[in-house]
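Student: Please take one part of this structure and go through it closely. I would like the reasoning as well as the values.

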Amino acid sequence: MTLGERIQARMRKLGLSQSEVARRVGLRQSTINALVNGDAQGSKHLHQIARALETSSSFLLGETDDPQEGAAPTPSAAVLADQLNLAMIPELRLGYSMGGGSILDDYEVVGFRAFDRDWLRAVARGGSDKLIVATGEGDSMEPTLKDGDTVLIDMSQRDITSQDRIWALSYGDLGMIKRVRRQPGGTYRIMSDNPTVAPIDAADGEMFVVGRVIWIGRRM
(Lines give C-alpha, C1' and ligand atoms only; values in the text may rest on other atoms or scores of the structure.)
Protein backbone atom coordinates (compact mmCIF):
# COMPACT_ATOMS: atom_id res chain seq x y z
CA MET A 1 0.00 0.00 0.00
CA THR A 2 1.16 3.50 -0.79
CA LEU A 3 1.22 6.39 1.69
CA GLY A 4 -2.00 7.73 0.21
CA GLU A 5 -3.71 4.35 0.39
CA ARG A 6 -2.74 3.93 4.04
CA ILE A 7 -4.04 7.40 4.91
CA GLN A 8 -7.27 6.65 3.07
CA ALA A 9 -7.63 3.27 4.83
CA ARG A 10 -7.29 4.90 8.25
CA MET A 11 -9.80 7.60 7.30
CA ARG A 12 -12.33 4.93 6.31
CA LYS A 13 -11.64 2.98 9.51
CA LEU A 14 -12.29 6.04 11.69
CA GLY A 15 -15.06 7.53 9.55
CA LEU A 16 -13.10 10.74 8.92
CA SER A 17 -13.22 13.03 5.91
CA GLN A 18 -10.21 14.80 4.44
CA SER A 19 -11.59 18.07 5.80
CA GLU A 20 -11.86 16.68 9.33
CA VAL A 21 -8.30 15.30 9.26
CA ALA A 22 -7.06 18.66 7.97
CA ARG A 23 -8.96 20.49 10.74
CA ARG A 24 -7.47 18.28 13.44
CA VAL A 25 -3.94 18.81 12.17
CA GLY A 26 -4.34 22.49 11.27
CA LEU A 27 -3.75 22.06 7.54
CA ARG A 28 -5.72 22.79 4.40
CA GLN A 29 -7.88 20.02 2.97
CA SER A 30 -5.92 20.29 -0.30
CA THR A 31 -2.77 19.17 1.55
CA ILE A 32 -4.45 15.95 2.73
CA ASN A 33 -5.95 15.44 -0.73
CA ALA A 34 -2.51 15.67 -2.33
CA LEU A 35 -1.18 12.97 -0.01
CA VAL A 36 -4.18 10.70 -0.60
CA ASN A 37 -3.96 11.05 -4.40
CA GLY A 38 -0.19 10.57 -4.50
CA ASP A 39 0.51 14.11 -5.71
CA ALA A 40 2.72 14.54 -2.62
CA GLN A 41 5.09 11.79 -1.46
CA GLY A 42 5.46 13.03 2.10
CA SER A 43 4.88 15.85 4.51
CA LYS A 44 6.69 17.46 7.44
CA HIS A 45 3.34 17.15 9.23
CA LEU A 46 3.17 13.37 8.82
CA HIS A 47 3.57 12.73 12.55
CA GLN A 48 0.60 15.00 13.34
CA ILE A 49 -1.45 13.39 10.55
CA ALA A 50 -0.65 9.96 11.98
CA ARG A 51 -1.80 11.10 15.45
CA ALA A 52 -5.08 12.38 13.97
CA LEU A 53 -5.51 8.98 12.31
CA GLU A 54 -4.72 7.17 15.60
CA THR A 55 -1.68 5.45 14.14
CA SER A 56 2.05 6.06 13.65
CA SER A 57 4.08 7.63 10.89
CA SER A 58 5.86 4.26 10.59
CA PHE A 59 2.57 2.64 9.55
CA LEU A 60 1.74 5.39 7.06
CA LEU A 61 5.22 5.05 5.50
CA GLY A 62 4.89 1.27 5.22
CA GLU A 63 7.61 0.47 7.75
CA THR A 64 5.12 -1.67 9.71
CA ASP A 65 1.77 -3.23 8.88
CA ASP A 66 0.46 -2.84 12.43
CA PRO A 67 -1.40 0.50 12.68
CA GLN A 68 -1.10 0.43 16.49
CA GLU A 69 2.66 -0.13 16.64
CA GLY A 70 4.24 3.08 17.88
CA ALA A 71 0.91 4.92 17.81
CA ALA A 72 0.47 7.65 20.41
CA PRO A 73 -2.24 6.81 22.96
CA THR A 74 -5.59 8.53 22.42
CA PRO A 75 -5.70 11.49 24.85
CA SER A 76 -8.35 11.42 27.55
CA ALA A 77 -11.36 13.74 27.47
CA ALA A 78 -9.79 15.80 30.27
CA VAL A 79 -6.54 16.22 28.32
CA LEU A 80 -8.40 17.18 25.15
CA ALA A 81 -10.53 19.69 27.06
CA ASP A 82 -7.41 21.26 28.54
CA GLN A 83 -5.75 21.48 25.13
CA LEU A 84 -8.83 23.17 23.67
CA ASN A 85 -9.26 25.54 26.66
CA LEU A 86 -12.60 23.97 27.56
CA ALA A 87 -14.22 23.43 30.95
CA MET A 88 -16.40 20.35 31.33
CA ILE A 89 -19.46 21.46 33.30
CA PRO A 90 -21.66 18.75 34.88
CA GLU A 91 -25.24 18.61 33.63
CA LEU A 92 -27.79 17.86 36.36
CA ARG A 93 -31.42 16.79 36.19
CA LEU A 94 -33.10 19.25 38.53
CA GLY A 95 -36.67 17.94 38.40
CA TYR A 96 -36.43 15.82 41.54
CA SER A 97 -34.15 16.23 44.55
CA MET A 98 -32.77 12.95 45.93
CA GLY A 99 -31.79 14.53 49.26
CA GLY A 100 -28.20 13.35 49.38
CA GLY A 101 -26.89 16.29 51.37
CA SER A 102 -25.01 18.22 48.67
CA ILE A 103 -26.04 19.50 45.26
CA LEU A 104 -24.06 16.93 43.28
CA ASP A 105 -25.56 14.21 45.49
CA ASP A 106 -29.07 15.63 45.53
CA TYR A 107 -29.49 15.65 41.76
CA GLU A 108 -28.69 13.13 39.07
CA VAL A 109 -25.66 13.97 36.91
CA VAL A 110 -26.64 13.06 33.34
CA GLY A 111 -23.48 14.16 31.51
CA PHE A 112 -21.12 17.04 30.88
CA ARG A 113 -21.20 20.10 28.61
CA ALA A 114 -18.08 21.80 27.25
CA PHE A 115 -17.75 25.58 27.54
CA ASP A 116 -14.88 27.86 26.55
CA ARG A 117 -13.03 28.85 29.74
CA ASP A 118 -12.46 32.46 28.65
CA TRP A 119 -16.18 32.88 27.92
CA LEU A 120 -17.08 31.41 31.31
CA ARG A 121 -14.80 33.89 33.08
CA ALA A 122 -16.66 36.71 31.37
CA VAL A 123 -20.15 35.56 32.42
CA ALA A 124 -19.64 33.89 35.81
CA ARG A 125 -18.53 35.27 39.16
CA GLY A 126 -17.02 32.09 40.57
CA GLY A 127 -14.77 29.46 39.05
CA SER A 128 -15.98 26.80 36.66
CA ASP A 129 -16.12 24.33 39.57
CA LYS A 130 -19.12 26.31 40.87
CA LEU A 131 -21.10 25.97 37.62
CA ILE A 132 -23.66 23.38 36.58
CA VAL A 133 -25.87 22.96 33.52
CA ALA A 134 -29.54 21.97 33.50
CA THR A 135 -32.36 21.69 30.97
CA GLY A 136 -35.55 23.66 31.36
CA GLU A 137 -38.64 21.47 31.51
CA GLY A 138 -42.26 22.44 30.95
CA ASP A 139 -43.80 25.81 30.16
CA SER A 140 -44.07 27.46 33.57
CA MET A 141 -41.33 29.99 32.70
CA GLU A 142 -42.57 30.80 29.20
CA PRO A 143 -41.67 32.95 27.36
CA THR A 144 -38.34 33.52 29.15
CA LEU A 145 -37.42 29.87 29.44
CA LYS A 146 -38.80 27.35 26.98
CA ASP A 147 -39.07 23.60 27.34
CA GLY A 148 -35.69 22.08 26.44
CA ASP A 149 -33.65 25.26 26.87
CA THR A 150 -30.18 24.92 28.37
CA VAL A 151 -29.39 26.98 31.46
CA LEU A 152 -26.06 27.69 33.12
CA ILE A 153 -26.29 27.99 36.90
CA ASP A 154 -23.74 29.69 39.15
CA MET A 155 -23.73 27.90 42.51
CA SER A 156 -21.50 30.57 44.05
CA GLN A 157 -24.56 32.84 44.06
CA ARG A 158 -27.09 31.59 46.59
CA ASP A 159 -28.06 34.68 48.58
CA ILE A 160 -31.14 36.33 47.12
CA THR A 161 -30.15 39.97 47.39
CA SER A 162 -31.71 41.17 44.11
CA GLN A 163 -35.41 40.87 43.43
CA ASP A 164 -37.05 38.89 40.65
CA ARG A 165 -33.96 37.22 39.22
CA ILE A 166 -34.13 33.63 38.00
CA TRP A 167 -32.86 30.93 40.34
CA ALA A 168 -32.50 27.17 40.41
CA LEU A 169 -33.94 25.95 43.70
CA SER A 170 -35.65 23.13 45.48
CA TYR A 171 -38.93 23.37 47.36
CA GLY A 172 -39.82 20.20 49.21
CA ASP A 173 -38.41 17.40 47.09
CA LEU A 174 -38.92 19.23 43.80
CA GLY A 175 -36.21 21.01 41.84
CA MET A 176 -37.29 23.99 39.76
CA ILE A 177 -36.17 27.12 37.94
CA LYS A 178 -38.18 30.19 38.98
CA ARG A 179 -38.07 33.88 39.73
CA VAL A 180 -37.82 34.63 43.43
CA ARG A 181 -38.86 37.74 45.35
CA ARG A 182 -37.92 38.35 48.98
CA GLN A 183 -40.91 39.52 51.02
CA PRO A 184 -41.20 41.21 54.41
CA GLY A 185 -41.08 38.83 57.35
CA GLY A 186 -38.50 36.45 55.85
CA THR A 187 -40.73 34.76 53.30
CA TYR A 188 -40.08 34.31 49.58
CA ARG A 189 -42.46 34.39 46.63
CA ILE A 190 -41.58 31.75 44.03
CA MET A 191 -42.94 33.00 40.70
CA SER A 192 -43.39 31.66 37.19
CA ASP A 193 -43.19 33.89 34.12
CA ASN A 194 -46.22 32.06 32.72
CA PRO A 195 -49.15 34.04 34.17
CA THR A 196 -51.37 30.94 34.30
CA VAL A 197 -49.11 29.36 36.95
CA ALA A 198 -49.84 30.54 40.49
CA PRO A 199 -46.95 31.73 42.68
CA ILE A 200 -45.81 29.88 45.81
CA ASP A 201 -45.04 31.59 49.11
CA ALA A 202 -42.24 29.81 50.96
CA ALA A 203 -41.21 30.47 54.55
CA ASP A 204 -37.55 30.84 55.41
CA GLY A 205 -36.04 27.35 55.52
CA GLU A 206 -38.60 25.75 53.17
CA MET A 207 -36.71 26.76 50.04
CA PHE A 208 -33.13 25.76 49.19
CA VAL A 209 -31.27 27.83 46.58
CA VAL A 210 -29.05 25.82 44.20
CA GLY A 211 -27.71 28.88 42.37
CA ARG A 212 -28.56 31.75 40.07
CA VAL A 213 -29.31 31.19 36.38
CA ILE A 214 -26.75 33.33 34.53
CA TRP A 215 -27.24 32.17 30.92
CA ILE A 216 -29.97 30.62 28.80
CA GLY A 217 -29.28 28.96 25.45
CA ARG A 218 -31.69 27.51 22.96
CA ARG A 219 -31.93 26.17 19.44
CA MET A 220 -33.59 28.64 17.08
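Tutor: What follows looks at the first helix and a residue that touches it, then turns briefly to a pocket and a strand residue. The model is a predicted one.

Helix α1 runs over residues 3-14. Its 12 residues reach 17 Å from the first C-alpha to the last, close to the 16 Å expected at 1.5 Å a residue. The buried residues of α1 are Leu3, Gly4, Arg6, Ile7, Arg10 and Met11. Down the helix axis these buried residues fall within an arc of 165°, so they line one face of α1. The general background is that an α-helix has 3.6 residues a turn, so residues three or four places apart point the same way. The face of α1 turned away from the buried side carries Arg12 and Lys13, which are exposed. On the buried side, the packing partners are α2, α3 (29-36), α4 (46-52) and α5 (57-60). Just after α1 comes Gly15, with a positive phi of about 70°.

One residue of α2 can be followed further. Gln18 lies in helix α2, which spans residues 18-25. Gln18 counts as buried because its relative accessibility is 16%, and the cut-off for buried is under 20%. Setting aside residues up to four places away in sequence, Gln18 touches Met11, Gln29, Ile32, Asn33 and Val36. Among these, Met11 is one of the buried residues of α1. With Asn33 there is also a polar contact, side chain to side chain, at 3.3 Å.

Elsewhere in the chain, the second largest pocket holds about 270 Å³ of space. Its lining has 18 residues, and the closest to the pocket centre are Gly95, Thr135, Gly136, Glu137 and Ile177. Strands β1 (86-93) and β6 (174-183) are the elements that give two or more residues to this lining. Of these, β6 gives the most, with four residues.

The last residue to consider is Tyr171, in strand β5 (residues 165-171). Tyr171 counts as partly exposed because its relative accessibility is 26%, and that class lies between the cut-offs of 20% and 50%. Leaving out neighbours within four places in sequence, Tyr171 is in contact with Met176, Ile190, Ile200, Asp201, Ala202 and Glu206. Arg121 is 50 residues from Tyr171 in sequence, and the two are 30 Å apart in space, C-alpha to C-alpha.

Definitions and conventions. Residues numbered from 1 in each chain as written. Predicted model: local features only at pLDDT ≥ 70, side-chain atom pairs only at ≥ 80, totals over all residues. Heavy atoms only, no water. Buried < 20%, exposed > 50% of the residue type's maximum accessible area, 1.4 Å probe, protein only. Polar contact = N/O pair within 3.5 Å; in protein donor to acceptor, adjacent residues only side chain to side chain. Contact = heavy atoms within 4.5 Å. Expected span 1.5 Å × (residues − 1). Arc of directions from axis to C-beta. 1 Å grid on protein atoms, 1.4 Å probe; cavity = no way out; pocket = protein on both sides within 12 Å on 5 of 7 lines; lining within 4 Å. Points joined across faces, edges and corners; volume = space filled by probe spheres on them.
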